[in-house]
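Here's a walk through a structure, going from rings to strands to helix packing. Take a look at it first, then read on.

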Amino acid sequence: MKHEKTVQTGAPVFTEEMKHTHTILIPDMLPLHFSFIEQILRQDGYKTHILKNEGPAVVEAGLKYVHNDMCYPAIIVIGQMMQALESGDFDPEKTALMITQTGGGCRASNYIHLLRKALDKAGFHKVPVISLNVSGLSPSPGFKITVPFLLKAMTAVIVGDFLMMIKNQCEPYEVHSGDTEKVIQKWQAFFLKKWETGSLTTFGYLKKYFPQILDDFAAVEKREERRPRVGIVGEIYVKYSPIGNNHLEDFLVSEGAEVVVPGLLDFCLYCVYNGVVDQKLYGGKAVKAKISKIAYHYLTKRQNSMYKIVKDHGVFRAPLGFSEKKDITEQYIGQGVKMGEGWLLTSEMAELVTEGVKNIVCTQPFGCLPNHIVAKGMQNKIKAIHPDANIVAVDYDPGASQVNQQNRIKLMLANAKMDDVEQTEEKEITVPATGGISAEM
Ligand code: SF4
């Protein structure tokens, strides 16, 4: 097989021919969302495999090739890919790797170079790496991000956010363990089939199913209890990835909480909206800002439509839309703060406390300076306006003790439970006939 090399680095690139011969390994982050995105990639002709390997061996594989002062997300995802290649389960002659490259000022733009270095050190010189980005970085002739692909990927993000949001409001209260998961699996299989056959292409088609999905979740038999709601915010990988955050969502539910996780579409909107902000603050090409504005309106319209369907249905809660979220953030932080998760992280905390989710776990990779600034660094400001905010910052890194992480979270939950009792006494709670929780804390 002919292996083309990039002119600049000499590294092999993913060619047109490889699209038919190579399996692309993709580290998992959000299991539901990624299952949909994988299906869309397959529909576009790629062979893919989402990596779900985890445990100490993954961390060890990461630390073997990446210095421990690098970002924890890089150690984990590179560890997953190197362990997969070294396991012998994948033929290095027919395997490619995919990694995101943000194109921003933070180190995530350079994970790809760490991965390339690790591959060369381990002797996998011929394994190409595909950079997933929309900035035109490290192009691969065999992998193109097209507008139709982006539109389908955004639809996948919306379905993933929708299912995740309702699942989190349903699962902690289910009477029969596993009932909520059955609803998830039913609709996950349904949408995967739709993408496989190419019949799910537009949001208009997709949203017809939302009321049926809500009915299915509402029909799950639930206990009439109230649990303290706990928001999860933080650096994108450790916030979402069960591997990165030691299965934080499961732990919180097992400790008696209802989890609230901001959707991935908010992050996409944040990236798009930054294109508008950049032009305002620094000038630059007007055409780029115009494209960002079009994409922003396209996505916010769909997000608002999704949330309206949830509100009209009346059983489950919907969070604030991105545009409202960004507006309430203006009193806390400037929109020029964009390193790491930037102002979005502060915005997520502000939105949660404004919406009555006073308890927040703020996940951050140890030593992630940008996110410490917009998370831990903003806590006092948030507490000055919302004194009842109960926020705990938890660091994740290869040396962090899971017991210590859980003890910090338990301490926060102890306060959360007391707060919840006080709030329950103060406010009337309505439990609909379906058992869904509708009152705000
Ligand atoms: S945001 Fe934090 S974890 Fe992500 S690349 Fe930057 S320093 Fe690393």
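A charge counts as sitting over a ring when NZ of Lys or CZ of Arg is within 6 Å of the ring centre and within 35 degrees of the ring normal. Keep in mind that what you're looking at is a predicted model.

## Charges over rings

Lysine 19 fits that description: it lies over the face of tyrosine 46, at 4.6 Å from the ring centre. Arginine 302 does something similar with tyrosine 298, its charged end sitting over the ring, 3.6 Å from the centre.

## Aromatic pairs

How many aromatic pairs does the count come to? It comes to 21. Take phenylalanine 191 and tryptophan 195, a tilted pair with 6.4 Å centre to centre and 50° between the planes. Both residues belong to helix H7, which covers residues 179–196, and they're four residues apart, or about one turn of the helix. Are phenylalanine 191 and tryptophan 195 buried or exposed? Both are buried.

Tyrosine 296 and phenylalanine 322 give you an edge-to-face pair, at 6.0 Å centre to centre with 70° between the planes. This one links distant parts of the chain: tyrosine 296 is in helix H13 (residues 286–313) and phenylalanine 322 in helix H14 (residues 322–329), 26 residues apart. Again, both tyrosine 296 and phenylalanine 322 are buried.

Ring pairs also join up into a cluster made of Phe36, Trp187, Phe190, Phe191, Trp195, Tyr205 and Tyr209. So the tilted pair from H7 turns up here again, since Phe191 and Trp195 are both on that list.## The sheet

Now for the strands. Four of them form an open sheet with parallel pairing, in the order E2-E1-E3-E4. Strand E2 (47–51) and strand E4 (129–132) are the edge strands, each pairing on one side only. On average, neighbouring strands of this sheet are turned by 30° against each other, direction ignored.

In the middle of that order, strand E1 (residues 23–27) pairs with strand E3 (residues 95–100) in the parallel sense, over three bridges. Isoleucine 24 stands opposite alanine 96 in E3. Helix H4 (residues 72–86) lies across E1, E2 and E3, and runs at about 175° to E3.

## Aspartate 28

Where is aspartate 28 found? Look in the loop between E1 and helix H2 (31–43). Aspartate 28 counts as buried because its relative accessibility is 6%, and the cut-off for buried is under 20%. Setting aside neighbours within four places in sequence, its contacts are Phe34, Ile50, Leu51, Lys52, Gln80, Tyr237 and Ser241.

## H14 against H15

H14 packs against helix H15 (residues 342–354) at an angle of about 95°, and the axes are 9 Å apart. The two helices are therefore roughly perpendicular, a label that applies from 65 to 115 degrees.

On the H14 side, the contact is made by Phe322, Lys325, Lys326, Ile328 and Thr329. H15 brings in residues including Trp343, Leu344, Glu348 and Thr354. Phe322 is also the residue that forms the edge-to-face pair with tyrosine 296.

## Proline 148

Last stop: proline 148, in helix H6 (residues 147–170). Proline 148 has a relative accessible area of 52%, so it counts as exposed; the cut-off there is over 50%. Proline 148 and lysine 410 are 262 residues apart in sequence, and 45 Å apart in space, C-alpha to C-alpha.

Notes
Residues are numbered from 1 along each chain as its sequence is written. This is a predicted model: local features need pLDDT of at least 70, side-chain atom pairs count only at pLDDT 80 or more; totals for chains, interfaces and linings use all residues. Side-chain values use heavy atoms; hydrogens and water are left out. Rings of Phe, Tyr and Trp (its six-membered ring) pair if their centres lie within 6.5 Å; planes under 30 degrees apart count as stacked, over 60 as edge-to-face and the rest as tilted. Buried means under 20% relative accessible area, exposed over 50%, partly exposed in between (1.4 Å probe, protein chains only). Two strands pair if DSSP finds at least two bridges between them. Axes are lines fitted to C-alpha atoms, for helices over the stretch in contact, and angles run from 0 to 180 degrees between N-to-C directions. Contact means heavy atoms within 4.5 Å. Angles under 35 degrees count as roughly parallel, over 145 as roughly antiparallel, 65 to 115 as roughly perpendicular and the rest as oblique.
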